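Me: I'm new to this one and I'd like to learn how to read its features. Can you take me through them step by step?

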Amino acid sequence: ILPNTGNMGIPICLFAYDIQGLGVASAVASVIILFHFTLGVFLAKKKFSLEILIKSPPVYAILISVIFLFFEIKTPLFLENTTFLLTYATIFLVLMSLGIALTRFKFSLKDSIILSLCRVILGPLIAFIIIYNFDLSGFAAGVLLIQSAMPSAILNYLVGSMYSPKKVIDSIASTIVTSTLMSSITIPLVVFFDLKYFN
């Protein structure tokens, strides 16, 4: 259920809405990352655990980021560089793990297609409901719609591999691949609609 709002969503929002879109897209991505390591873990483990929140580094990272933003504290250059390097290394390692999983797993193509369609179609529909009910407009509405149209995030696989049985992990991996392939068709359509009606 959690989309790839970081690696894919942020650059596409930057393309569509320039620096204004980047700010809103980054905020949405931060919330989704927080969901990965809270809601995502709870769903994978099938139980609520406060211990997971306490032991989750992303929760603290987001809280520290909010403090830096709120008090307009300038981030030290060494901290920015370290964060970027760790981020790139993590993405590389997760992609490698996903690639290895794809060579070994067994999955149902029908289930993958159904789950992927739910991700890339129901996501934007839910965004439309939020946009309508909260009376959003302009680039804020556009960014929300684009971010909700993203395929399943690779972090779903990371969280699943830590807390879910192998059968579920295989399903997650196949859904990530299938929804990403589908998004090559759906995302250009969503961006076209966005720029036409939310500009």
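Me: Let's begin with a helix pair. Which residues in α6 meet which residues in α8?
Reply: This is a predicted model, so keep that in mind throughout. On the α6 side you'll find G142, V143, L145 and I146, and they meet V190, V191, F193 and D194 in α8. Sorted by class, that contact has 6 nonpolar, 1 polar and 1 charged residues.

Me: And how do I describe the way α6 and α8 lie against each other, parallel or antiparallel?
Reply: Look at the angle between the axes; anything over 145 degrees counts as roughly antiparallel. Here the axes of α6 and α8 cross at roughly 170 degrees and come within 10 Å. The two helices are therefore roughly antiparallel to each other.

Me: Is α6 mostly covered or mostly open, and how many of its residues are buried?
Reply: Buried means under 20% relative accessible area. Helix α6 runs over residues 138-148, and 8 of its 11 residues are buried, so we call it mostly covered. The buried ones are A141, G142, V143, L144, L145, I146, Q147 and S148. Among the elements covering them are α1, α5 (109-133) and α8 (166-197).

Me: What about a nonpolar core? Which residues have the most contacts inside the largest one?
Reply: The general idea is that in soluble globular proteins, nonpolar side chains tend to be buried together. In this model the largest nonpolar core has 18 residues, and I12, Y17, I131, L145, I146, V191 and F198 have the most contacts inside it. Two or more residues come from each of α1, α5, α6 and α8. There is also a second, separate core of 9 residues, including L98, I154, I169 and I176.

Me: Let me zoom in on L145. What is L145 in contact with, leaving aside neighbours within four places in sequence?
Reply: You'll find P124, A127, F128, I131, V190, F193, D194 and F198 in contact with L145.

Me: Now a different helix pair. At what angle do α1 and α7 pack?
Reply: Helix α1 (residues 5-45) and helix α7 (residues 154-163) pack at about 45 degrees, and their axes are 9 Å apart. That makes α1 and α7 oblique to each other, and their crossing is right-handed. From α1, the residues H36, F37, G40, V41, A44 and K45 meet L155, N156, V159 and Y163 of α7. By class, the α1 contact with α7 has 6 nonpolar, 3 polar and 1 charged residues.

Me: A44 caught my eye. Is A44 buried or exposed?
Reply: A44, in helix α1, has a relative accessible area of 14%, so it counts as buried. Leaving aside neighbours within four places in sequence, A44 is in contact with V159, Y163 and S164. A44 and S164 are 120 residues apart along the chain, yet their C-alpha atoms are separated by 5.3 Å.

Me: Last one: backbone angles. Which residue in the loop between α1 and α2 should I look at?
Reply: As a rule, most residues other than glycine have a negative phi. K46 is found in the loop between α1 and α2 (50-54), and K46 has a positive phi of about 60 degrees although it is not a glycine. At 70% relative accessibility, K46 counts as exposed.

Me: And where is D135?
Reply: D135 sits in the loop between α5 and α6. Its phi is near 55 degrees, again a positive value in a residue other than glycine. With 67% relative accessibility, D135 counts as exposed.

Key
Residues are numbered from 1 along each chain as its sequence is written. This is a predicted model: local features need pLDDT of at least 70, side-chain atom pairs count only at pLDDT 80 or more; totals for chains, interfaces and linings use all residues. Side-chain values use heavy atoms; hydrogens and water are left out. Axes are lines fitted to C-alpha atoms, for helices over the stretch in contact, and angles run from 0 to 180 degrees between N-to-C directions. Helices (H or I, at least four residues) and strands (E, at least two) are DSSP runs, numbered from the N terminus. Angles under 35 degrees count as roughly parallel, over 145 as roughly antiparallel, 65 to 115 as roughly perpendicular and the rest as oblique. A crossing is left-handed if the near helix is turned anticlockwise from the far one by less than a right angle, and right-handed if clockwise. Contact means heavy atoms within 4.5 Å. Ala, Val, Leu, Ile, Met, Phe, Trp, Tyr, Cys and Pro count as nonpolar, Asp, Glu, Lys and Arg as charged, and the others, Gly among them, as polar. Buried means under 20% relative accessible area, exposed over 50%, partly exposed in between (1.4 Å probe, protein chains only). A nonpolar core is a set of buried Ala, Val, Leu, Ile, Met, Phe, Trp, Tyr and Cys residues joined through side-chain atoms within 4.5 Å.
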